[in-house]
Amino acid sequence: MDKRGNISSRNMRLFAAIMTLIEALVLTSLTGCAGKKVDYGVDTEVKEQKNASKVSDLRTDKPWVENITVQTKKGDVTLGIDAKILVPDCETMHVVGVEDVKLDTEYKKRFLDAYFGGGEYYYHDLEHYTVDELNSYIDLKSRELNEMNSRDDVDDSTKQELAQQMEQDLSGYRDLLTDAKISYTIASDLQSCDEYAGYKGDTFCEVTFEEHWVNAYVFKLDGKYYGPPSFKEENYDNVSQTFQEDNLTDSAGADGNECTRSAAESKKLVQDFMGKLGLSNQVERGECDCNWLGFNNGDENWESRRNTLWGYVYSYGTGIDGQVFKDSFDSSECDSMLREDTKDITLGDSIQLTVTDNGIIDVVIEYPVSVTSISGGVELLSLKNIEQIIKEQLKNNADKYELEINTSFNNMHLTYFRLKDKNETAKYSYVPVWSFSRLVDSQKKNVILVNAIDGTIINSEDVF
């Protein structure tokens, strides 16, 4: 029995995201905000043109085309600029303050009550497994130990080390049997436990809370079938929902979907659920039909493989005016912006939910935040000002970048970028920023980030 069911691929993705989290940038306090102008306490050196109060004032079909010469340690280098100006599809941009949501006992209760519809839920960490669950787990791990011992592709030293660790694990499971109960224990104190389970109708589900994410999913009990109705009589060895990226692009509601709920009904169910969680400023990132896969083990040609649609997947993220902050700046596209040992600059929150005939089954919430403040539409520096600031940065700091003859910059994008508050460890602000770079083998290099409000250069070394 796999304790995580079919969630392992998501956990791997979440683990990778956590392993790339950073100590982000300091943002000057917004205490001085007044009207449309946001004062960061930094005077812009170049103000050749009037500021723009609307994004449409910056929208243009005319690219920035120019050649500039910079002095490097290797000598003078002429840089080409041929960058299309990309701006978001909105009227104005804002400074949006957010703070991390604390996954405390209050939040756990709110989530568990909403997810299980007010029904009972139980402790489901290893120490609270029932006698039957522990015995099933012991049987599984014993089989794995026997299979490992019979392998001839592992050297004796490694095999002995692995066997010793597996024996220790089995011993721990057997020790837990001493105090294990036959039935589940109703959860009353949510302080000391992070894993819970309960029934949604006839479906047994588990919820796990960790530092920056929440994961709810079907817990596959032995002998219990929870998959698509059409697969039930097929006796497949494996039936699972196929992995979905969280930036979904399709529309839910395709012909042939086996779910008895419509896509519209399912979305209403999801929105009501998020309302109970107090999630505000959520913008839809995408949706799709939920695809399921059934196959038999040992079928190398996958001749028995079968797909079907059952249910819908919906994705949301914090944002404003239809712009999802998580999607605004993708640091993974910037090969010179990050070091391998750093975390993701954007730290964007998101929530993905799967609805089937059993209701909302899968829920993955990553880096949840709550919105604490929203400025009015802020004034943005003109394109001429931004261009001048970027040129000065290239000229004055040429050796910071990989500049060679025939280097050509071709990306100029107005986006939202997440900056960390200098005084509060769990507070951030999403700020309009110009991202200027060149595209090399699908990666953005020599990224220059300019605060679109005050012209401050956001240096990568300041981020880390």
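The paragraphs below lead through this predicted model, from its overall make-up to one helix, a few single residues and an internal cavity.

Because the model is predicted, local features need pLDDT of at least 70 and side-chain atom pairs count only at pLDDT 80 or more, whereas totals for chains, interfaces and linings use all residues. Residues are numbered from 1 along each chain as its sequence is written, and side-chain values use heavy atoms, with hydrogens and water left out.

The protein has eight helices and 19 strands, where helices (H or I, at least four residues) and strands (E, at least two) are DSSP runs numbered from the N terminus. Of its 464 residues, 49% count as buried; here buried means under 20% relative accessible area, exposed means over 50%, and partly exposed lies in between (1.4 Å probe, protein chains only). Among the contacts with a separation of 6 or more, 75% are made by residues 24 or more positions apart, a contact being a pair of heavy atoms within 4.5 Å.

Helix H7 (residues 383–396) can be followed first. Its 14 residues should span 20 Å at 1.5 Å a residue, and the end C-alpha atoms are indeed 20 Å apart, which agrees; the expected span is 1.5 Å times one less than the number of residues. Because 10 of the 14 residues of H7 are buried, this helix is largely enclosed by the rest of the structure. The buried residues include Leu383, Ile386, Ile389, Ile390 and Leu394, and also Glu387 and Lys391. What covers the buried residues of H7 includes strand S2 (64–72), strand S3 (75–86), strand S16 (408–421) and strand S17 (427–440).

An unreviewed UniProt entry carries the annotation "coiled-coil region" for residues 384–411; UniProt positions are given in the numbering used here, feature names are shortened, and annotations may be inferred rather than shown by experiment. In the model, the end C-alpha atoms of residues 384–411 lie 16 Å apart, and the span is 46% helix and 14% strand.

Which residues does leucine 170 touch, not counting residues up to four places away in sequence? Leucine 170 lies in helix H4 (residues 156–176) and is buried, with a relative accessible area of 1%. It touches Ile138, Lys141, Ser142 and Leu145, and its C-alpha atom is separated by 6.3 Å from that of isoleucine 138, 32 residues apart along the chain.

Arginine 305 is placed in the loop between strand S10 (282–295) and strand S11 (306–320), and it is partly exposed, with a relative accessible area of 44%. By the same exclusion of residues up to four places away in sequence, arginine 305 touches Leu293, Gly294 and Phe295.

Two loop residues have a positive phi although neither is a glycine. Asparagine 235, with a phi of about 60°, lies in the loop between strand S8 (213–218) and strand S9 (238–241) and is exposed, with a relative accessible area of 63%. Tyrosine 367, with a phi of about 45°, is found in the loop between strand S14 (359–366) and strand S15 (369–374), but is buried, with a relative accessible area of 10%.

Finally, the structure holds two cavities of 30 Å³ or more. On a 1 Å grid over the protein atoms alone, a cavity is a set of points where a 1.4 Å probe fits but cannot get out, and lining residues have an atom within 4 Å of a point. About 40 Å³ of space lies in the largest cavity, a volume being the space filled by probe spheres set on the points, which are joined across faces, edges and corners. Its lining consists of Leu279, Gln282, Asp349, Ser350, Ile351, Ile365, Pro368 and Val369.

Terms used:
On a 1 Å grid over the protein atoms alone, a cavity is a set of points where a 1.4 Å probe fits but cannot get out, and a pocket is an open set with protein on both sides within 12 Å along at least five of seven lines; lining residues have an atom within 4 Å of a point.
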